[in-house]
Amino acid sequence: MKTILNVIWLVLCGFWMFLGYLVAGVLLCITIIGIPFGLAAFRIGIYALWPFGYTVVDRRDAGAPSCVGNVLWLILAGWWLALGHITTGIALCLTIIGIPLGIANFKMLPVSLMPFGKEIVRTDQPFATR
């Protein structure tokens with residue numbers, strides 16, 4: 001079932017969300033200071049490309065630098081990427097087959113707004129950390 005949902009997701013909005021994260025990551029990696037933000041955009045972009053079968057968990061070792069990074073991320077890229085998730089989520093919820101995909105899009109909002117201090121893991125190991 002995850003594979004079917006992922007393929008439908010990829011066709012309807014996953015590829016476009018991935019491109020948005022890819023563009024944001026490349027723009028953020030232009031400066032040396034923006035490289036951690038660009039890497040976070042690439043990590044979330046892969047998650048946005050194939051989201052079913054993965055989940056987001058909090059990292060226990062995240063501290064004050066993650067909080068500062070999240071504030072900067074929100075200003076630099078998070079707001080615009082979250083707007084992309086909101087618009088595609090609303091568009092997907094207009095059809096019956098798109099409702100589960102729209103809900104999945106809304107579930108990606110927290111990680112698109114505040115990615116630092118979070119880790120993307122497989123759903124069969126939601127408490128695993130590196």
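The points below comment on a predicted model of a single structure.

1. Confidence. The model is predicted, and the mean pLDDT of the chain is 88. Of its residues, 96% reach 70 or more. Within the chain, confidence is highest in α2, at a mean of 92, and lowest in β1, at 85.

2. Record annotations. An unreviewed UniProt entry lists "transmembrane region" for residues 7-24, 30-50, 62-82 and 88-106. In the model, residues 30-50 are 71% helix and 0% strand, with end C-alpha atoms 26 Å apart. Residues 62-82 are 90% helix and 0% strand, and the end C-alpha atoms of this span lie 22 Å apart.

3. Domain feature. UniProt, again in an unreviewed entry, places "domain: Inner membrane component" at residues 4-53 and 68-118. Residues 4-53 are 80% helix and 0% strand, and the C-alpha atoms at the two ends of that part are 11 Å apart. Residues 68-118 are 78% helix and 2% strand, with end C-alpha atoms 14 Å apart.

4. Helix α2: length. How far should the 15 residues of helix α2 span at 1.5 Å a residue? The expected span of α2, which covers residues 35-49, is 21 Å. The end C-alpha atoms of α2 are 21 Å apart in the model, so the expected and modelled values agree.

5. Helix α2: surroundings. The buried residues of α2 are Phe37, Gly38, Ala40, Ala41, Ile44, Gly45, Tyr47 and Ala48. A general property of helices helps in reading such a list: an α-helix has 3.6 residues a turn, so residues three or four places apart point the same way. Which elements do the buried residues of α2 pack against? They pack against the helices α1 (2-28), α3 (64-93) and α5 (109-113), and also against the strands β1 (54-58) and β2 (118-122).

6. Aromatic pairs: Trp9 and Phe52. The count of aromatic pairs comes to 4. One of them joins Trp9 and Phe52 in an edge-to-face arrangement, with 6.0 Å centre to centre and 85° between the planes. Trp9 lies in helix α1 and Phe52 in the loop between α2 and β1, so the pair ties together parts that are 43 residues apart in sequence. Buried means under 20% relative accessible area. Trp9, at 0%, is therefore buried, and Phe52, at 16%, also counts as buried.

7. Aromatic pairs: Phe37 and Phe116. Phe37 and Phe116 form an edge-to-face aromatic pair. The ring centres of Phe37 and Phe116 are 5.4 Å apart, and their planes make an angle of 90°. Because Phe37 lies in helix α2 and Phe116 in the loop between α5 and β2, this pair ties together parts that are 79 residues apart in sequence. Both Phe37 and Phe116 are buried. Ring pairs also link Phe37, Trp73 and Phe116 into a cluster.

8. Ser66. Where is Ser66 found? Ser66 is in helix α3, and its relative accessible area of 16% makes it buried. Leaving aside neighbours within four places in sequence, Ser66 is in contact with Phe116 and Gly117. Phe116 is the residue that pairs with Phe37. Ser66 and Met114 are 48 residues apart in sequence and 8.9 Å apart in space, C-alpha to C-alpha.

9. Cysteines. How many disulfides does the model contain? The count comes to 0. A disulfide is a covalent bond between the sulfur atoms of two cysteines. Cys29 is partly exposed, with a relative accessible area of 25%. Cys93 is in no disulfide. The cysteine sulfur nearest to Cys93 is that of Cys13, 10 Å away, whereas a disulfide requires sulfur atoms within 2.5 Å. Cys93 counts as partly exposed, at 30% relative accessibility.

10. Gln125. Is Gln125 located before or after β2? Gln125 lies in the segment after β2. Gln125 is partly exposed, with a relative accessible area of 39%. Gln125 and Thr55 are 70 residues apart in sequence, yet their C-alpha atoms are 9.1 Å apart in space.

Methods:
Residues are numbered from 1 along each chain as its sequence is written. This is a predicted model: local features need pLDDT of at least 70, side-chain atom pairs count only at pLDDT 80 or more; totals for chains, interfaces and linings use all residues. Side-chain values use heavy atoms; hydrogens and water are left out. UniProt positions are given in the numbering used here, feature names are shortened, and annotations may be inferred rather than shown by experiment. Helices (H or I, at least four residues) and strands (E, at least two) are DSSP runs, numbered from the N terminus. The expected span of a helix is 1.5 Å times one less than its number of residues. Buried means under 20% relative accessible area, exposed over 50%, partly exposed in between (1.4 Å probe, protein chains only). Contact means heavy atoms within 4.5 Å. Rings of Phe, Tyr and Trp (its six-membered ring) pair if their centres lie within 6.5 Å; planes under 30 degrees apart count as stacked, over 60 as edge-to-face and the rest as tilted. pLDDT is the predictor's confidence in each residue, from 0 to 100.
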